[in-house]
Amino acid sequence: MNAIDKIYSNELGISFFWKQENYPLMPRVQLVFKDIGFLLTLNELKDFSEACTTTLQSQCCRQCKDTKHCKSLLLRTPSDKIDLAVSKDELHQIQELINGTIYRIELQNWMNNLPLN
């Protein structure tokens, strides 16, 4: 774990910066959950969070008796060729991971830009 700078984690996944990567103008975050990794910018993370909100507003299939665990929700990812089948519980955890990551990055950016006077 020395090769990464952890940003945020929850029961489902983790987000971090790779130490050897150098993206001064647009840093990329590695977001890993469900055995899948995404290398995303802050704007892509925000778009992904919005996709989670949109998916949360959709309905499970009509046959579902256990809507919290049925993997009938289709989550759009920042890659236009990849969507994920997730349950409502997984979707909440994914969004919490993304939003926690966004919060920590923006807080760090804000703190780095504070005047020292």
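In the predicted model, the chain exposes about 8000 Å² of surface, of which carbon and sulfur atoms supply 52%. Buried residues account for 33% of the 117 residues in the chain. Of the contacts between residues at least 6 apart in sequence, 39% join residues that are at least 24 apart.

The secondary structure consists of two helices and six strands. Read from the N terminus, these elements follow the order β-β-β-β-α-β-β-α. Four of the strands form an open sheet, arranged in the order β1-β2-β3-β4 with antiparallel pairing. Strands β1 (residues 4–9) and β4 (residues 36–40) occupy the edges of this sheet; each has a single partner strand, so one side of each is left without a neighbour in the sheet. From one strand to the next, the twist averages 25 degrees.

The pairing of β1 with β2 (residues 13–18) is antiparallel and comprises five bridges. Within this pairing, Y8 has S15 of β2 as its bridge partner. Both helices are placed against strands of the sheet. Helix α1, spanning residues 42–56, packs on the sheet and touches β3 (residues 29–33) and β4. The direction of α1 makes about 125 degrees with that of β4. Helix α2, formed by residues 88–112, lies across β1, β2 and β3. Relative to β1, helix α2 runs at about 125 degrees. Strand β3 is thus named in the description of each helix, being touched by α1 and crossed by α2.

Side chains of opposite charge can pair when their charged atoms come close. A search of the whole structure identified four salt bridges, including the three described here. One of them is formed by K19 and D5, whose closest N and O atoms are 3.8 Å apart. This pair links distant parts of the chain: K19 belongs to the loop between β2 and β3, whereas D5 lies in strand β1, and the two are 14 residues apart. K19 is partly exposed, with a relative accessible area of 46%. D5 is also partly exposed, at a relative accessible area of 38%. The D5 side of this salt bridge therefore belongs to an edge strand, because β1 stands at the edge of the sheet with a single partner strand.

A salt bridge also connects E44 with R28, and here the closest N and O atoms are 3.8 Å apart. E44 is located in helix α1 and R28 in the loop between β2 and β3, so that the pair joins distant parts of the chain, 16 residues apart. E44 counts as partly exposed at 27% relative accessibility, and R28 is likewise partly exposed, with a relative accessible area of 29%.

The two helices are themselves connected by a salt bridge between K46 and E106, with the closest N and O atoms 2.6 Å apart. K46 is in helix α1 and E106 in helix α2, and the pair links parts of the chain that are 60 residues apart. Both residues count as partly exposed, K46 at 32% relative accessibility and E106 at 34%. Helix α1 thus contributes E44 to a salt bridge with R28 and K46 to a salt bridge with E106 of helix α2.

Notes. Residues numbered from 1 in each chain as written. Predicted model: local features only at pLDDT ≥ 70, side-chain atom pairs only at ≥ 80, totals over all residues. Heavy atoms only, no water. Buried < 20%, exposed > 50% of the residue type's maximum accessible area, 1.4 Å probe, protein only. Contact = heavy atoms within 4.5 Å. Areas by Shrake-Rupley, 256 points an atom, 1.4 Å probe, with all protein chains shown as cover. Pairing = 2+ DSSP bridges. Axes fitted to C-alpha atoms, helices over the stretch in contact; angles between N-to-C directions. Salt bridge = Lys/Arg side-chain N within 4 Å of Asp/Glu carboxyl O.
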